[in-house]
Amino acid sequence: MTPRALLETAVLLGLFVLAGGGYGGLYSIGRSAARPSLVRAARVCWVVAFAIALVITYATPLDAGWKLLILASALVYAVIPPVTWRYLERTHSDQGLGS
Amino acid sequence: MYRSQKLSLRYYAAAVTLFGVMIVFGLLSALYYLYPSMLFNVFDFSTSKIMHIDTLVIWLLMAFFGAVYWYLPQELGHEVVGMWLAELTFWVFCAVVAVVAVVFIFVQYGPAGNFTLWFINQGRKYVEAPRWATIGVVLVMLAFAYNVVATCRKAHKMTGIMWVLVLDLIPLVGVYLDAFSYDRNMSTDLYWWWWLVHMWVESTWEVLIGCVMALVLMDVMGTSRRIVEAWLYIEVMLVLGAGILGLGHHYFWIGTPQYWLSIGGFFSALEPLPLLGMVIHAVYDAGAHRLRTTNRPAFFWITTEAFLNFIGAGIWGFMMTLPQINLFTHGTQWTVSHGHFAFYGAYVCGVMAVFYVAKQKASGVAYLDGSAWKWAYGLLNIGMVGMVMALLVAGMAQAFFGRAIGGSTLEGFTTASQNPWFVSGMYARMLFGVMFAAGYVALVYDLLTSARRVAAHAMQPEPA
């Protein structure tokens, strides 16, 4: 790995998780405040995360196994916010609470 | 108020005091990077760093004990059994910490022999307290475990949270015993030492703070028991599933077999996923309450914990956890940046919430708010974020110039240490460290005076 590739790869990995977090954060704030624009922005964040995962796959010197793991993670990120949100709504509605 | 809750307040006072000591030695340690020959042969960097890290471990442990002593009678509807032992061990704990601190500051080191091991420094990184004190800490933890288990038995009541807590006591005491062992083979020695650091501080504490936060969430946000217990079980599963084998990322470069590269990298890469779930849960809870709460500082610290835990452990960890990257980053200020952020997000923010819960309940204030806590909250958070950003820049400079270009040689290390990116990172870290310290002062001021100020405000006559 070249010195330049080291920093680029590390920053891309950080940005990948940051975009995934942005997706989760904006999705939940958008759903909580009933603002579809934020939910749309959240989806854009996921697209960014997926795009970063693709860049990592094509442009970094990581081993193939790690690239596959990152791509799989990007797909898992897509489902975590809606699944978690549905679970929270269901458990809270059972308790008579709601967002 | 239960007797154990009064003890809890003492634990909090001790924890906040040690938090201050940790900050003082953190600032001092940061100064050595700017003035390397400062206090040469009078008070060396290594001792300052020991004080900084060991007080971190102890103040958080004391805060956890305080939190459990606070909630235990509330959860079980029964006063803690063996209070005399709990009170005695609190003072023993404080005395042990004070004596060890005095020895570290004034004696510092001794010849490599049994006397040093038993009475000055046992030489185990992060648990440097001499052997007699380490035994003392074990006894304190055993007494704590007895208090919890005996109270559950006497109360004839076990909740899901208490089951998790009781089971967590086994590794809490058991894994700490690893502080005593050593091996002449450095790889074997480090192999087991990481059990202490990763399993005890990262995994066992994660479960412990999970139990505490479950109780706090029910208390502050009125979240139902079923929900918090469900999340707690999920967290335990994740700790068992990913956290334990995440230990592997510490085994990359200590002479262990190559398969640890795959195991450590894989399970560490999974760690951001549950943290994302926590962020969503925090936003859901905040939305469900429309930010309405009777304890605003606790509420904000709870929410902040989820976000900073995700950023500190998730983003900062993922940047450097894959072996190909970690080869260049381990042991640099990059790691220090991740360590600071992850600890702050995972533990410190949660403990802050616990302090404010106790503050409100102990002073009988119906609504806790004001401006001082906002200063503390802002300065501590901005100070920490600034510090970790500065450390990240410095660490990247070390990885780039010292490791990737310099080939991890002494010359590469020296070159990286003189690089303007590294040097300016160290200055920025110092600046934000001072800001963090100012936040601590605001925190102490607020904790000492908030109830009085709120009460005085409530007594003021309404304008005609």
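# Report on the contact of chains A and B and on selected features of chain B

Across the interface of chain B and chain A, zero salt bridges are found. This statement, like those that follow, concerns a predicted model.

## The interface between the chains

The contact draws on 39 residues of chain B and 41 residues of chain A. Between them, the two chains bury about 3,600 Å², and 79% of this area lies on carbon and sulfur atoms. On the side of chain B, the residues that lose the most area to chain A are B:Ile280, B:Tyr284 and B:Gln324, which together account for 21% of what that side buries.

Although salt bridges are absent from the interface, two residue pairs are in polar contact across it, both at pLDDT 80 or more. Six elements of chain B each give two or more residues to the side that touches chain A: helix 8 (225–243), helix 9 (259–270), helix 10 (272–288), helix 11 (296–321), helix 12 (323–329) and helix 14 (372–405). Helix 10 of chain B gives the most, with twelve residues. By residue type, the side of chain B that touches chain A divides into 28 nonpolar, eight polar and three charged residues.

## Salt bridges

Over all chains, the count of salt bridges comes to eight. Three that lie in chain B are set out below.

| Pair | Closest N to O distance |
|---|---|
| B:Glu87 and B:Arg3 | 2.8 Å |
| B:Arg225 and B:Glu75 | 2.7 Å |
| B:Glu229 and B:Arg225 | 3.4 Å |

The pair in the top row links distant parts of the chain, since B:Glu87 belongs to helix 3 and B:Arg3 to helix 1 (residues 3–34) of chain B, 84 residues apart. The two partners may be described by their accessibility. B:Glu87 counts as buried because its relative accessibility is 16%, under the limit of 20%. B:Arg3, at 42% relative accessibility, counts as partly exposed.

The salt bridge between B:Arg225 and B:Glu75 also links distant parts of the chain: B:Arg225 is in helix 8 and B:Glu75 is in helix 2 (residues 45–76) of chain B, with their positions 150 residues apart. B:Arg225 is partly exposed, with a relative accessible area of 32%, whereas B:Glu75 is buried at 5% relative accessibility.

Where does the partner B:Glu229 stand with respect to B:Arg225? Both residues are in helix 8 of chain B, and because they are four residues apart, about one helical turn separates them. An α-helix has 3.6 residues a turn, so residues three or four places apart point the same way. B:Glu229 is buried, its relative accessible area being 12%. B:Glu75, B:Arg225 and B:Glu229 are thus linked in a network of salt bridges.

## Helix lengths and the residues that follow

Helix 3 (residues 83–106) of chain B contains 24 residues and reaches 35 Å from its first C-alpha to its last, which is close to the 34 Å expected at 1.5 Å a residue. Just after helix 3 of chain B, B:Gln108 takes a positive phi of about 75°.

Helix 5 (residues 131–155) of chain B has 25 residues, so a span of 36 Å is expected at 1.5 Å a residue; the end C-alpha atoms are 36 Å apart, in agreement with this value. B:His156 follows helix 5 of chain B and has a positive phi, near 50°.

## Positive phi angles in loops

Two further residues have a positive phi, each within a loop. B:Asn41 is not a glycine, yet its phi is positive at about 65°. B:Asn41 is found in the loop between helix 1 and helix 2 of chain B, and it is exposed, with a relative accessible area of 62%. B:Ser408, likewise not a glycine, has a positive phi of about 60°. B:Ser408 is found in the loop between helix 14 and helix 15 (410–418) of chain B.

## B:Ser363

B:Ser363 is placed in helix 13 (residues 333–363) of chain B. Is B:Ser363 buried or partly exposed? With a relative accessible area of 32%, B:Ser363 is partly exposed. A polar atom of its side chain lies 2.5 Å from the backbone oxygen of B:Lys359. The C-alpha atoms of B:Ser363 and B:Gly277 are separated by 34 Å, and the two residues are 86 residues apart along the chain.

Conventions: Residues numbered from 1 in each chain as written. Chains lettered and ligands numbered in written order. Predicted model: local features only at pLDDT ≥ 70, side-chain atom pairs only at ≥ 80, totals over all residues. Heavy atoms only, no water. Contact = heavy atoms within 4.5 Å. Buried area = accessible area lost by both parts, 1.4 Å probe. Salt bridge = Lys/Arg side-chain N within 4 Å of Asp/Glu carboxyl O. Polar contact = N/O pair within 3.5 Å; in protein donor to acceptor, adjacent residues only side chain to side chain. Nonpolar A, V, L, I, M, F, W, Y, C, P; charged D, E, K, R; others polar. Buried < 20%, exposed > 50% of the residue type's maximum accessible area, 1.4 Å probe, protein only. Expected span 1.5 Å × (residues − 1).
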